[in-house]
Amino acid sequence: MVQIVIKKRSDTEEWTIIEMQGELQSRYANGLAGNNIGDLHFNKNGVPLLIIGHHILYGKVVSLEKPFAVLVKGISNENNKSKNGNELNDEDSAENRYNIQAVIKTKLVFTTRPKPIIIHVSKKS
Amino acid sequence: MEMTEEIQKDDVRLRAEFAKLDRSGLLQPVQLLKFDEEASDQNVMLLQMDKKMLEKVEAGEELIIRGGSDDAAVLCTEDATYDLKKAMSSNTMILLEKCITNKDDLHPYSGDDTEETETIHRHAFGWSFTYMELKQIYPRITRLLTLLKRCPYMGPEHEHEADPTKMYTLTELINIIQASESEVMQFLIKFNSCCINGRWRLFDFGYIVECMGQIFQVIESESWNCGKVPVVQLCEIINDSGELVPSFVVKHLLSSYGTEFKSEDDGLIYAKLDECKVSRFFAEMLLKDIGKFHLSEFIEVWKESMPAGMVADEGHLKGLALTDTTSQPPSIKLFKSEDLSIDVEQRFDALFHAKEKWEFGEIVPYIKDVCLDELSVTSTLTKHARASTGKDGTKLFSSRKPLT
């Protein structure tokens with residue numbers, strides 16, 4: 001029997017989900033990590049506007065009926081030895097522990113079709 | 001550093017202008033979103049939960065995922081068990097470590113065209129297309145009975161033969177059973193399990209018969225009312241008679257088949273035996289180890305075996321014994337709900353194998369044991385059984401599968 005313990009970290013944060021249709025791709029096909037996503041504006045009505053590349057997306061703020069916990073495979077803060085001083089066996093090791101790094105109660109949803117931004121470059125001389 | 005900041009801020013303004021956004025209608029700061037260098041879709045798991053569970057988790061309650069190599073994993077809180085299922089989405093979910101989403105936490109631009117755009121950098125920890133969904137389920141307690149039955153308690157004189165590796169503490173049971181702690185406890189009580197020297201045991205049925213025999217003998221000879229049995233006096237009489245029924249066994253049996261209460265007249269502890277539980281005990285005693293019993297004969301013997309003041313009623317047999325009125329002569333056999341699988345489909349198969357057509361009141365006690373609430377009893381029945389109307393107008397339930 002495997003048991004995985006999920007426990008809140010003392011400093012659990014509140015995160016936000018940005019949800020959009022389809023999949024993001026980086027311009028240079030070098031993966032998403034380390035890349036800019038875009039600029040997040042809000043208008044005076046509280047509507048989120050996201051500019052990604054040469055697209056603009058209009059979204060809405062949604063309070064989640066069913067919130068999420070963000071689980072991260074954890075290294076336990078306790079000693080890596082069990083009470084009797086033996087090395088921990090597989091079932092007690094950090095592999096079988098998840099920390100709740102954050103909770104998510106709100107998401108920004110951008111499911112409308114992205115509008116292309118057309119730039120007219122005016123030639124100034 | 002300063003320089004790049006400047007350029008970035010200009011870029012933000014420029015990009016907004018390109019997108020034909022009018023600053024006067026917008027709020028700031030603008031949040032600049034960027035993936036962390038280590039961001040991936042592998043470093044996190046999203047667990048969807050209801051608000052009630054979130055509150056508990058935020059208060060520090062642990063969740064435990066349990067499962068052996070052959071089990072589907074379940075998630076347990078302190079008092080409930082959930083099925084865990086991975087849900088896929090065609091939408092990308094980007095996880096932002098911090099983000100302002102409420103317009104009241106933002107402010108408008110001043111209107112001065114030279115005003116710089118305020119910006120904040122926001123980091124995305126990762127992204128995901130999946131999340132884990134939870135659905136509360138009936139606790140998977142099948143193993144509990146199997147474990148408890150491995151070493152039943154047969155009385156103090158047999159304890160030296162008992163194998164201590166086949167009896168379990170609560171902690172050991174919780175580690176083996178795919179259910180929450182309070183559910184395990186609830187079932188230990190339901191099965192009349194007794195904690196002896198820290199280990200949870202079931203009494204061997206033969207031993208129960210022996211001890212209950214002693215108890216009823218004393219009740220009869222003292223002409224006590226089954227609704228008011230003086231507990232201490234009963235223990236003393238049994239002890240004096242030289243029979244080896246320890247007081248804790250007497251007390252455990254009295255609470256298994258009744259309830260203890262304190263009399264307001266004399267301040268003594270009494271037990272009120274429960275007519276239904278007592279009659280079920282006698283029914284099981286009579287039907288155990290016998291395949292089938294003639295119904296009329298059984299009813300007669302059963303009613304006679306009841307102690308004075310208690311009446312056996314056929315309604316007491318729900319979920320315990322099955323009558324077959326189609327056989328000649330009508331018969332009855334032991335058919336205990338707790339012996340059936342907690343897997344709903346397997347349970348229905350076993351039910352329809354035992355009897356082709358069931359009346360509603362007859363089948364419900366066998367379904368109730370695997371349903372979370374009253375509402376799901378009806379829906380479970382609708383889902384797994386076919387309803388038809390019998391010759392005399394009663395509603396009958398039969399298998400949806402073709403009989404093999």
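**Figure 1. Two cis peptide bonds and one positive phi in chain B.** Pro29(B) is part of strand 1 of chain B, which spans residues 26-40. In this predicted model, the peptide bond that leads from Gln28(B) into Pro29(B) is cis, and its omega is near 0°. A second cis peptide bond links Gln328(B) to Pro329(B), with omega at about -10°. Pro329(B) sits in the loop that runs between strand 14 and strand 15 of chain B. The view also takes in Asn192(B), a residue other than glycine whose phi is positive, near 55°. Asn192(B) belongs to the loop between helix 5 (181-190) and strand 8 (194-196) of chain B. For context, most peptide bonds are trans, and most residues other than glycine have a negative phi.

**Figure 2. The contact between chain A and chain B.** The two chains bury about 5700 Å² between them. Of this area, 63% is on carbon and sulfur atoms. Chain B brings 66 residues to the contact and chain A brings 60 residues. Leu33(B), Ile94(B) and Thr101(B) together account for 11% of the area that chain B buries against chain A, more than any other three residues. The size of an interface is often expressed in this way, as the accessible area lost when the parts come together.

**Figure 3. Strand 1 of chain A and its pairing partners.** Strand 1 of chain A covers residues 2-21 and pairs with strand 3 (residues 63-67) of chain B in the antiparallel sense, over five bridges. Within that pairing, Gln3(A) has Arg66(B) as its bridge partner. Strand 1 of chain A also pairs with strand 5 (residues 81-96) of chain B, again in the antiparallel sense, over six bridges. Here Glu19(A) is opposite Met93(B), and Ile18(A) is opposite Ile94(B). Ile94(B) is also one of the three residues named for the area that chain B buries against chain A. Inside chain A, strand 1 pairs with strand 6 (residues 97-110) in the parallel sense over twelve bridges. Met20(A) faces Phe110(A) of strand 6 of chain A in this pairing. In a regular strand, side chains alternate between the two faces of the sheet.

**Figure 4. Strand 5 of chain B and its partners within chain B.** Strand 4 (residues 74-76) of chain B pairs with strand 5 of chain B in the antiparallel sense over three bridges. The two strands form a hairpin, with four residues between them. Leu75(B) of this hairpin is opposite Tyr82(B) in strand 5 of chain B. Strand 5 of chain B also pairs with strand 7 (residues 119-137) of chain B, in the antiparallel sense and over twelve bridges. One of the facing pairs is Lys86(B) with Met132(B) of strand 7 of chain B.

**Figure 5. An open three-stranded sheet in chain B and the helix packed on it.** The strands of this sheet follow the order 13-15-14, and their pairing is antiparallel. Strand 13 (293-294) and strand 14 (321-324) of chain B are the edge strands, each pairing on one side only. Strand 13 of chain B joins strand 15 (residues 331-334) of chain B through two bridges in the antiparallel sense. In strand 15 of chain B, Ser331(B) is opposite His294(B). Helix 9 (residues 275-287) of chain B packs on the sheet and touches strand 13, strand 14 and strand 15 of chain B. The direction of helix 9 makes about 100° with that of strand 15 of chain B.

**Figure 6. Helix 12 against helix 13 of chain B.** The axes of helix 12 (residues 360-368) and helix 13 (residues 374-384) of chain B come within 10 Å and cross at roughly 115°. The two helices of chain B are therefore roughly perpendicular to each other. Their crossing is right-handed. Helix 12 of chain B contributes Phe360(B), Ile363(B), Val364(B), Ile367(B) and Lys368(B), and helix 13 of chain B contributes Glu374(B), Val377(B), Thr380(B) and Leu381(B). By class, the contact contains six nonpolar, one polar and two charged residues.

**Figure 7. Helix 11 against helix 13 of chain B.** Helix 11 (residues 344-354) of chain B and helix 13 of chain B have axes that come within 11 Å and cross at roughly 70°. Helix 11 and helix 13 of chain B are therefore roughly perpendicular to each other. The crossing of these helices is right-handed. Val344(B), Glu345(B), Phe348(B) and Phe352(B) of helix 11 meet Thr380(B), Leu381(B) and His384(B) of helix 13 of chain B. Four residues of this contact are nonpolar, two polar and one charged. Thr380(B) and Leu381(B) are also among the residues of helix 13 of chain B in contact with helix 12 of chain B.

Key: Residues numbered from 1 in each chain as written. Chains lettered and ligands numbered in written order. Predicted model: local features only at pLDDT ≥ 70, side-chain atom pairs only at ≥ 80, totals over all residues. Heavy atoms only, no water. Axes fitted to C-alpha atoms, helices over the stretch in contact; angles between N-to-C directions. Parallel < 35°, antiparallel > 145°, perpendicular 65-115°, else oblique. Left-handed = near helix turned anticlockwise from the far one by under 90°. Contact = heavy atoms within 4.5 Å. Nonpolar A, V, L, I, M, F, W, Y, C, P; charged D, E, K, R; others polar. Pairing = 2+ DSSP bridges. Buried area = accessible area lost by both parts, 1.4 Å probe.
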